Amino acid sequence: MLWIALYFPALSLDWVERRFPEALIPAIGVTVRKGNQICIQQANKPAQARGVMEGQPLASALAVFPDLVIMEQDSHEEGKALQQAVYAALRFTPNIAIQNSGLIAEVSGSLKLFGGLKKLCQSLNRVVTAQGLQLSAGIAPTATGAWLLARSASSGTVINGKGEEFRILLDALPVGFLESAQPHLEVIRGIGCKTLADLQRLPRSGVARRFGQNLPAELDRAYGDAPDPQKWFEAPEDFQQKMKMMGLIENAGLLLVPAQRMVEQMCGWLALRHAAVSAFSFVLHHEYSLRQPHKFTSINIHLSEQSSDPAHLMLLLREHLERTKIVAPVCELELTADEIAAGADGNLELFPTMQSETTSLNRFIEKFSSRLGPEAITGLKVVSDHRPEYSQRLELSGRGALNRFSKRGRNSQIIPPESPRPAWLMEIPLELKVQRGRPVYESPLKLLAGPERIEAGWWNDDAIARDYFIAENDQGQLLWIYREHNPVEKDKGNKDGNWYLQGLFG
Amino acid sequence: MPLSLSQIEARFRNRIWRGDAWGAAADPVISSGFQGLDKELPGGGWSTRNLTELLLPTEGLGEIRLLSYALEEMTRSERNILLVAPPYIPYMHAWEHLGIDGRHIVMVRVYKPAERLWALEQGIRSAAFGTIIGWLPEASQQAMRKLQILSRSAASLVFLFRPARARFEPSAAPLRILLSPVRGHSHALSLYLLKRRGAPFVLPIRIPLPQAAVFSRSAELKPALIPSYC
């Protein structure tokens, strides 16, 4: 067993701070009630810079800096922040237990997949730090040991207690980190016990009699002399996260950081369920007032292929967000995984294969249509019809593109190769001028081949009767032109129809 | 001891290129399908990991048929082709006759120069395409350089169709070819290699376009009525 514990020393401050857009963080102090006095429990950097100190009574803090933003410590909110950190960390291991102000993850099964302990620890720290939490980390063969090491590490550092080092590191830890020692700290210090090693040297029966059974039991769990079962975090059936913002946000760019955090959480949740998302929605809740009737803006994103890759999902969300007009200030964000499909992303392949090429095509299409609109990217499908205008169809991509682009059958009903067709078609046939009986495009045209009669479409209202020719002009362009053939008008003496340019032989 | 010139050349063979020598490109190539052209292209075919600039005075000279062998080869190995901002609608019946599998063609219709460039960049970056063909009437030198740098890391063919007047602008593309029709001969195309890695080549290469037979046969076609039900 190998454990990584993450301890969040500034949790009660972090959950407040991270709901502000980064550039707008004010001086914040989190207060806690001690007896009948309210004290500053934690103060952020701007507050400390103005002279607010942790542990200070609230009254004196306000005397030093009257504009201090005060938040009461809220263990419910802290619990939510912890839960979100766990969601994000679930991407790396399913075995995570929530501690009082941190989490412990069992990672021995994940080492290989994520490239070794060092890399795994870095990724885990990065992902949880990206959730807006400061942390210190400890690595150890026991859960309690890892937790103690994490608590003793200074913010932003990792103590690696793997192997031989572990007992030495643990021995040196002050007694004060032990949870069960808290009520007896003064007595323990009084008898000259400073470190865990000192405590270990005392006769166990005496320790148990004086300080309760819990203390030696906790020590045993930490050193690995007793089993240390953990209660794993259990993810709910559905994924829906809300995040209340402090202050009103009118700029979509400022929503990206919280959106990124929520997407990371969703991906962790997906990893635990061995699932991927095929549709998700991001809702911007607006401040409600009589003057502005918009309650929320909903961004619904459908993927052509399920994905659980946070980078890809974030990219789609960002493109959609950039195209969304924010009609009113946003006060709350909500992310919901609407449709879940079993199975995660494809394998991590070294060389591109058919599968990965299809995946990247789908991603390309998604990226493209979310930026320029779904009509900007199309496939072309051959349709069996002799009228050139109807003989192919532009296929919109978008949802289900995978099926259309890669699985559709090749159409065998194409026009036989005896009749040459140009590589390019004009959007609408261009009427040509006629000089001395010859059609003109840039220069008078020389007819090379034809005519080929195409008469079709009488079954619906768009009937055509045309004589097609291949023509060449002085520039060397090979053109596909036609003359309308109208037997009815022929009778009236109007023998020749107009000339049209329909295509070019590219 | 300082190295002699021949020692230096022997030692840094991969990194030194002599102006009179042929550009021996280490990049994989795909045959153009035309012997005369392959002979003059560095590496013996269309080079992947590089921009190829095709300059043409006007569309409809046989530019798709020029690429058709390579495109056919691409789709046969199930790789996709991206068309960025083609000037007209590709007529799939014709492309299919050239052996190109239309299922593998993705067309992007964008009109603003910035969007064209973005689309090209994304296409080159994406692993989804074996070939990227873009129509780029205007492009700054920086844009061309950026596309070339991107192409270096992509294992795909990248063709840019640009107007003939762009021949006077400097370009980062290592291969630039000017296409022009052969007078009075609609089944051939003449190619001037304006720029290539290696010794310059001044004479135009004349290549016969595929499906000439179809055209000559159609010249004998009698007026025929194609019944609408077939």
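Where is the place of Pro236(A) in chain A? Pro236(A) sits in the loop that links α11 (214-223) to β9 of chain A. The model is a predicted one. At a relative accessibility of 34%, Pro236(A) counts as partly exposed, because the value falls between the cut-offs of 20% and 50%. Three residues touch Pro236(A) once those up to four places away in sequence are set aside: Tyr87(A), Trp269(A) and Arg273(A). Trp269(A) lies 33 residues from Pro236(A) along the chain. The C-alpha atoms of the two are separated by 8.8 Å.

The overall make-up of each chain was computed next. Chain A has 506 residues, and 51% of them count as buried. Its secondary structure consists of 16 helices and 22 strands. Among the contacts of chain A with a separation of 6 or more, 61% join residues 24 or more positions apart. The exposed surface of chain A is about 24,600 Å². Carbon and sulfur atoms supply 51% of that surface.

Chain B has 230 residues, with 56% of them buried. It holds seven helices and twelve strands. For contacts in chain B with a separation of 6 or more, residues 24 or more positions apart account for 64%. The accessible surface of chain B comes to about 10,400 Å². Of this area, 57% belongs to carbon and sulfur atoms.

The strand β9 that follows the loop of Pro236(A) belongs to an open sheet of four strands in chain A. The strand order is β9-β12-β10-β11, and the pairing is antiparallel. β9 (240-249) and β11 (296-307) of chain A stand at the edges. Each has a single partner strand, so one side of each is left without a neighbour in the sheet. Neighbouring strands of this sheet are turned by 15° against each other on average, with direction ignored. Within the sheet, β10 (residues 275-286) and β12 (residues 330-342) of chain A are joined by eleven bridges in the antiparallel sense. One of the residue pairs is Ala276(A) with its bridge partner Ala341(A) in β12(A).

Two helices of chain A lie against these strands. α12(A) packs on the sheet and touches β9, β10, β11 and β12 of chain A. Its direction makes about 25° with that of β12(A). α13(A) lies across β10 and β11 of chain A. The angle between α13(A) and β11(A) is about 140°.

The two helices also pack on each other. Two packed helices are described by the angle between their axes and the distance between the axes. For α12 (residues 256-272) and α13 (residues 310-323) of chain A, the axes come within 10 Å and cross at roughly 145°. The crossing is right-handed. On the α12(A) side, the contact is made by Leu256(A), Ala259(A), Gln260(A), Val263(A), Glu264(A), Met266(A) and Cys267(A). On the α13(A) side, these residues meet Pro310(A), Leu313(A), Met314(A), Leu317(A), Arg318(A) and Leu321(A). By class, this contact has ten nonpolar, one polar and two charged residues.

Further along chain A, three strands pair in succession. Strand β20 (residues 464-472) of chain A runs antiparallel to β21(A), with seven bridges between them. Ala471(A) has Leu479(A) in β21(A) as its bridge partner. The hairpin of β20(A) and β21(A) has five residues between the strands. Gly476(A) takes a positive phi near 90° in this hairpin. β21(A) also pairs with β22 (residues 499-504) of chain A, again in the antiparallel sense, over five bridges. Here Ile481(A) stands opposite Leu501(A) in β22(A). Strand β21 (residues 478-484) of chain A is mostly covered, with five of its seven residues buried.

In chain B, one loop residue was examined. Ser156(B) lies between α6 (141-152) and β8 (157-163) of chain B. Its relative accessible area is 2%. Ser156(B) is therefore buried, as the cut-off for this class is under 20%. Apart from its neighbours within four places in sequence, Ser156(B) is in contact with Thr48(B), Arg49(B), Phe129(B), Gly130(B), Thr131(B) and Ile132(B).

How values were computed:
Residues are numbered from 1 along each chain as its sequence is written. Chains are lettered from A and ligands numbered from 1 in the order in which they are written. This is a predicted model: local features need pLDDT of at least 70, side-chain atom pairs count only at pLDDT 80 or more; totals for chains, interfaces and linings use all residues. Side-chain values use heavy atoms; hydrogens and water are left out. Buried means under 20% relative accessible area, exposed over 50%, partly exposed in between (1.4 Å probe, protein chains only). Contact means heavy atoms within 4.5 Å. Accessible areas come from the Shrake-Rupley method with a 1.4 Å probe; for residues, only the protein chains shown count as cover. Axes are lines fitted to C-alpha atoms, for helices over the stretch in contact, and angles run from 0 to 180 degrees between N-to-C directions. A crossing is left-handed if the near helix is turned anticlockwise from the far one by less than a right angle, and right-handed if clockwise. Ala, Val, Leu, Ile, Met, Phe, Trp, Tyr, Cys and Pro count as nonpolar, Asp, Glu, Lys and Arg as charged, and the others, Gly among them, as polar. Two strands pair if DSSP finds at least two bridges between them.
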